[in-house]
Amino acid sequence: MRLDLHCHTRHSRDSLMTYDALLRRMDRRGMDMVAITDHNTIAGALAFHARAPERILVGEEIKTTCGELIALFLEDEVPPGLSPEETIARVHAQGALVGASHPLDRLRGEALGMENLELIRRKLDFLEVFNARMTFSNDNRLAREMAARWGLPGSAGSDAHAPSEVGRAYVDMPAFDGPQDFLDSLSLGQIGGRLSNPFVHFHSTYAKWRKRLEAR
């Protein structure tokens, strides 16, 4: 299977991506499944999963007091603003998985950074080691080195906020059945893709601007 494990939809404040646009791009890019990881909500992931359960993995990118974590296989939403430890505990309490998204991105305030990663690494299930929205490829390389050193499976995702980004980063991995089987398959996965053009960040800026106008 080929999976993009980090995508946003119109349910994130900085994305306008619809279900139909996502599925069309998945087909064009040969993606078997994507994880919907909207900011601090699973509403979009649940709605999309209901329409295509075999192609959508329910996730959430969760803002903690120290940076962002990414959860997969969620059934219940995890609120933002908790400590990383409490966030991880709430994810694991429902049998879901948790990792760190873009953990060492030097330009993102939402990145956990090395010091915070060191504190929680034994509680993580995986580490995002290729994020297509990175500006500096070395930040992905460092994350991959950390995952290998700590014995954590590495995930990859486009961090797509617009359809054109979907599938820019992906993992080719064996089919799986449930969270634990997913981790076993992820550990055997092969990561591929390429960094997005930095101008993709304008998609996010435009989406936030447009939503503000529509809210007036």
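**Figure 1. Phe 73 sits in a loop between a strand and a helix.** In this predicted model, follow the chain out of strand E4 (68-72) and toward helix H3 (84-93), and you will find Phe 73 in the loop between them. What is the phi of Phe 73? It is positive, about 70°, although Phe 73 is not a glycine. Most residues other than glycine have a negative phi, so a positive value is worth pausing over. Is Phe 73 buried or exposed? With a relative accessibility of 17%, Phe 73 counts as buried, because buried means under 20%.

**Figure 2. His 102 is another residue with a positive phi.** Here the view moves to the loop between strand E5 (97-100) and helix H4 (113-120), where His 102 has its place. The phi of His 102 is near 30°, which is positive even though the residue is something other than glycine. His 102 has a relative accessible area of 1%, so it is buried.

**Figure 3. Helix H1 has buried residues that pack against other elements.** Helix H1 covers residues 19-29, and its buried residues are Tyr 19, Ala 21, Leu 22, Leu 23, Arg 25 and Met 26. What do the buried residues of H1 pack against? Their partners are strand E2 (33-36), helix H2 (43-51) and E3. Look next at what follows the helix: Gly 30 comes after H1, and its phi is positive, near 70°.

**Figure 4. The largest pocket is lined by 20 residues.** This pocket holds about 430 Å³ of space. Which of its lining residues are closest to the centre? They are Arg 13, Asp 14, His 39, Glu 110 and His 161. Strand E3 (56-63) and helix H7 (201-215) are the elements that give two or more residues to the lining. Of the elements, H7 gives the most, with four residues. Sorted by class, the lining of the largest pocket has ten charged residues, nine polar ones and one nonpolar one.

**Figure 5. Lys 208 in helix H7 meets residues from a distant part of the sequence.** Find Lys 208 in helix H7, then look for Arg 13. Along the chain, Lys 208 and Arg 13 are 195 residues apart, yet their C-alpha atoms are separated by 6.0 Å. Which residues is Lys 208 in contact with, leaving aside its neighbours within four places in sequence? The answer is Arg 13 and Asp 14. Those two names may be familiar, as Arg 13 and Asp 14 are among the lining residues closest to the centre of the largest pocket. Lys 208 itself is partly exposed, with a relative accessible area of 25%.

**Figure 6. The second largest pocket draws on helix H5 and strand E9.** The volume of this pocket is about 180 Å³. Its lining includes Val 129, Arg 144, Ala 147, Leu 152, Pro 153 and Ile 191. Helix H5 (137-150) and strand E9 (190-193) each supply at least two lining residues. Which element supplies the largest share? That is H5, with three residues. By class, the lining of the second largest pocket has seven nonpolar residues, four polar and one charged.

**Figure 7. Arg 90 and Glu 86 form a salt bridge within one helix.** How many salt bridges does a search of the whole structure find? It finds eleven, and this view shows one of them. The side chains of Arg 90 and Glu 86 meet at 2.9 Å, N to O. Both residues lie in helix H3, four residues apart, which is about one turn of the helix. Arg 90 is partly exposed at 37% relative accessibility, and Glu 86 is partly exposed at 34%.

**Figure 8. Salt bridges gather around Asp 105, and another joins Asp 139 to Arg 106.** Asp 105 and Arg 108 form a salt bridge, with their closest N and O atoms 2.6 Å apart. Asp 105 is buried at 5% relative accessibility, and Arg 108 counts as buried at 17%. Together with Asp 159, Asp 105 and Arg 108 are linked in a network of salt bridges. In the other salt bridge, the side chains of Asp 139 and Arg 106 meet at 2.8 Å, N to O. This pair links distant parts of the chain, 33 residues apart: Asp 139 is in helix H5, while Arg 106 is in the loop between E5 and H4. Is each partner buried or partly exposed? Asp 139 counts as buried, at 2% relative accessibility, whereas Arg 106 is partly exposed, at 48%.

Methods:
Residues numbered from 1 in each chain as written. Predicted model: local features only at pLDDT ≥ 70, side-chain atom pairs only at ≥ 80, totals over all residues. Heavy atoms only, no water. 1 Å grid on protein atoms, 1.4 Å probe; cavity = no way out; pocket = protein on both sides within 12 Å on 5 of 7 lines; lining within 4 Å. Points joined across faces, edges and corners; volume = space filled by probe spheres on them. Nonpolar A, V, L, I, M, F, W, Y, C, P; charged D, E, K, R; others polar. Buried < 20%, exposed > 50% of the residue type's maximum accessible area, 1.4 Å probe, protein only. Contact = heavy atoms within 4.5 Å. Salt bridge = Lys/Arg side-chain N within 4 Å of Asp/Glu carboxyl O.
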